[in-house]
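Got a few minutes to poke around a model together? Here are some quick questions and answers to go with it.

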Amino acid sequence: MKYIVVTGASKGLGLAITEALLAHDYGVIALSRSKTDAVVELEKKFDDRFEWMQVDLQNTDALYSRAGTILHRYPVYGLINNAGYVHDQLVVMNNQEEIDKMIRINFSAPIALSRLFAKHFLIQREGRIIQMGSIAAFRAFKGMAVYAATKAGLSAFSKGLAQEIGSRNITVNNITPGFIPTSINAHVPDHRMDHIRRRTALKRLAAAEDVAEAVLFLLSDKGKNMTGMDWVIDAGQSL
């Protein structure tokens, strides 16, 4: 069985990706800061190939320890750096604590995990690494300059890493969603949602399931020759 590590797996995109992986017979190690009711249900339903582990991506020592535990227990085939954090605020109004938090969660933690699991993939001569980016990396949104910088940096890192480890049958890709309706942004008013929807080329919003399907493709044998790419899933929002 192929095991996939998913960060930020307890809700939103991470939960949708986790559910899709389990539905397609993957084993999943789900990482998040807290356990949700949805995670509890998955533990009951897939107790033989699903494990949740608590981790704070801002704690580097804990992150390294958790990765070591996972690699000792499971034959990991893929890593999905899905967890992210955004503090919507103008740069001049933002405080350094929030800026540092975005950098640690969105940029430093994915690099650390990619490095740790890439070493394992190099030894087994196969593996998949998928980063979760954002169209904010190449389309300006007010109040998201720092967040955009972290996602742009992650995209550049993924391309460089893909070049470095590709010869060992390891792919590295960056999925770049637009605005995806999930429980995380359920607070967004209906009129704002309608405005975002009207600005897309397809006049609809992409869904979490669309992202999950892209993940499944990149993990499959069909995606074996896809690497170093940004996969935009936004219903034409960034056009």
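Q: Is Lys 44 buried or exposed in this predicted model, and what is its relative accessible area?
A: The model is predicted, so this is a computed value. Anything over 50% counts as exposed. Lys 44 clears that cut-off and is exposed, with a relative accessible area of 59%.

Q: Which residue forms a salt bridge with Lys 44?
A: Look within helix α2 (residues 37-45), three residues away from Lys 44, which means about one helical turn. The closest N and O atoms of the pair are 3.7 Å apart, inside the 4 Å limit for a salt bridge. The partner counts as partly exposed at 47% relative accessibility, and its name is Glu 41.

Q: What is the N to O distance in the salt bridge between Arg 73 and Glu 51?
A: Here the side chains of Arg 73 and Glu 51 meet in a salt bridge at 2.8 Å. This pair links distant parts of the chain, with Arg 73 in helix α3 (residues 60-73) and Glu 51 in strand β3 (residues 50-54), 22 residues apart. So with a cut-off of 4 Å, the pair qualifies at an N to O distance of 2.8 Å.

Q: Which residue meets Lys 35 in a salt bridge?
A: Lys 35 is partly exposed, with a relative accessible area of 39%. Its partner also counts as partly exposed, at 26% relative accessibility. The two side chains come to 3.1 Å, N to O, and the partner is Glu 43.

Q: How many salt bridges does the count come to?
A: Lys 35 with Glu 43 is one of them, and Lys 44 with Glu 41 is another. By the 4 Å rule, the count comes to seven.

Q: Where does Met 93 lie, and how big is the nonpolar surface patch it helps make?
A: Met 93 sits in the loop between β4 (76-81) and α4 (96-124). Patch residues need over 30% relative accessible area, and Met 93 is exposed at 57%. Together with Leu 90, Val 91 and Val 92, Met 93 makes a nonpolar surface patch of about 410 Å².

Q: Which side chain makes a polar contact with that of Ser 114?
A: Ser 114 lies in helix α4 and is buried, with a relative accessible area of 0%. Leaving out residues up to four places away in sequence, Ser 114 touches Leu 79, Asn 81, Ile 129, Gln 131, Phe 157 and Leu 161. The polar contact spans 3.2 Å, and the side chain on the other end is that of Asn 81.

Notes:
Residues numbered from 1 in each chain as written. Predicted model: local features only at pLDDT ≥ 70, side-chain atom pairs only at ≥ 80, totals over all residues. Heavy atoms only, no water. Patch = residues over 30% accessible without salt bridge, like charges linked within 9 Å, V, L, I, M, F, W, Y side chains within 5 Å. Areas by Shrake-Rupley, 256 points an atom, 1.4 Å probe, with all protein chains shown as cover. Helix = DSSP H or I, 4+ residues; strand = E, 2+ residues; numbered from the N terminus. Buried < 20%, exposed > 50% of the residue type's maximum accessible area, 1.4 Å probe, protein only. Polar contact = N/O pair within 3.5 Å; in protein donor to acceptor, adjacent residues only side chain to side chain. Contact = heavy atoms within 4.5 Å.
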